[in-house]
Amino acid sequence: MKETKSPTISKYLFRHNQCLVCGQPLIYKKTPTVVSCYHCGIQNKTQTLCQEGHYVCDECARRDVYEIIISQCNKYSGLNAIELAESIMDLSKIKIHGPEHHLLVPAVMLAIWCNAKNISKEIKSELLNEARNRALKIQDGICATHGACGGSIGVGIFFSLILQVNELDKENYGYINRATANTLANIAKYGGPRCCKRSTYLAILQTRNQLVEDFGLNLPIPNKIQCQYVEKNLECTKSECLFY
Ligand SMILES: [Zn+2]
Ligand SMILES: [Zn+2]
């Protein structure tokens, strides 16, 4: 992957609790303050700043990593969702946990769907861009703050896009909400701590199985999925996880 000189991307290897601008540790304040994003200037309230007062909005913090995901999904021409997801999760810019997984799930499945249905590259790219717009609205850590994993909501984004569902839809409204609910029920079975890799595998398998059963697509997956990210995950539940 070619590196660009954008200030956001060059800071992307900082750990979660470090400032995305200068790398200093983040400080958690008791009361929120109004701040401007270092990159785009948008104003927001936050309780988390570095000593220098830097703040990067959600959209700027994700922009480059979302570009990488979209570009990999546009390029991929196969039908194996796990293979594509792992090839993206293997990239150094994709953190072990984080909101990149909110896009990863629908983007991977849209790539598989478009490839399986011989949908044109232009429409594939449009669908991926719309998935990005929607995934950007899912906040970091939403699994714990709202009780709905962002990867599961990604399943809803995927089915909403392929079935073109709106709020007044009679036919598929139930289907897409059930797809999200089924994924959440699977994720809930394994309890915490959260693992974005486990949730991503579960969300992708749920979506792939629904495409096979309900849409008659023939989509391969590996015989066994063994998580390759155990060493990087300090909170891995090891033998309690079905992918360990
Ligand atoms: Zn800073
Ligand atoms: Zn910004």
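**Exercise 1.** At roughly what angle do the axes of helix α8 and helix α9 cross, and within what distance do they come? Classify the crossing of α8 and α9.

*Solution.* The model is predicted.
Step 1: take the bounds. Helix α8 covers residues 173–189 and helix α9 covers residues 196–215.
Step 2: read the geometry. The two axes come within 9 Å and cross at roughly 140°.
Step 3: classify. Angles over 145 degrees would count as roughly antiparallel. α8 and α9 are therefore oblique to each other.
Step 4: add the hand. The crossing of α8 and α9 is right-handed.
Step 5: list the contacts. α8 contributes Ala179, Asn182, Thr183, Asn186 and Ile187; α9 contributes Ser199, Leu202, Ala203, Gln206 and Gln210.

**Exercise 2.** Compare the reach of helix α4 with the expected value. Then state how many of its residues are buried.

*Solution.*
Step 1: α4 runs over residues 100–116, which is 17 residues.
Step 2: from first C-alpha to last, α4 reaches 24 Å, close to the 24 Å expected at 1.5 Å a residue.
Step 3: 15 of the 17 residues in α4 are buried, leaving the helix mostly covered.
Step 4: look just past the end. Asn118 has a positive phi of about 55° there.

**Exercise 3.** Is Glu59 buried, partly exposed or exposed?

*Solution.*
Step 1: locate Glu59. It sits in helix α2, residues 58–75.
Step 2: count neighbours. Glu59 has 14 C-beta neighbours inside 10 Å.
Step 3: apply the cut-offs. Buried needs 20 or more, and exposed means 12 or fewer. Glu59 therefore counts as partly exposed.
Step 4: place Glu59 relative to Ser71. They are 12 residues apart in sequence and 17 Å apart in space, C-alpha to C-alpha.

How values were computed: Residues numbered from 1 in each chain as written. Chains lettered and ligands numbered in written order. Predicted model: local features only at pLDDT ≥ 70, side-chain atom pairs only at ≥ 80, totals over all residues. Helix = DSSP H or I, 4+ residues; strand = E, 2+ residues; numbered from the N terminus. Expected span 1.5 Å × (residues − 1). Axes fitted to C-alpha atoms, helices over the stretch in contact; angles between N-to-C directions. Parallel < 35°, antiparallel > 145°, perpendicular 65-115°, else oblique. Left-handed = near helix turned anticlockwise from the far one by under 90°. Contact = placed C-beta atoms within 7 Å.
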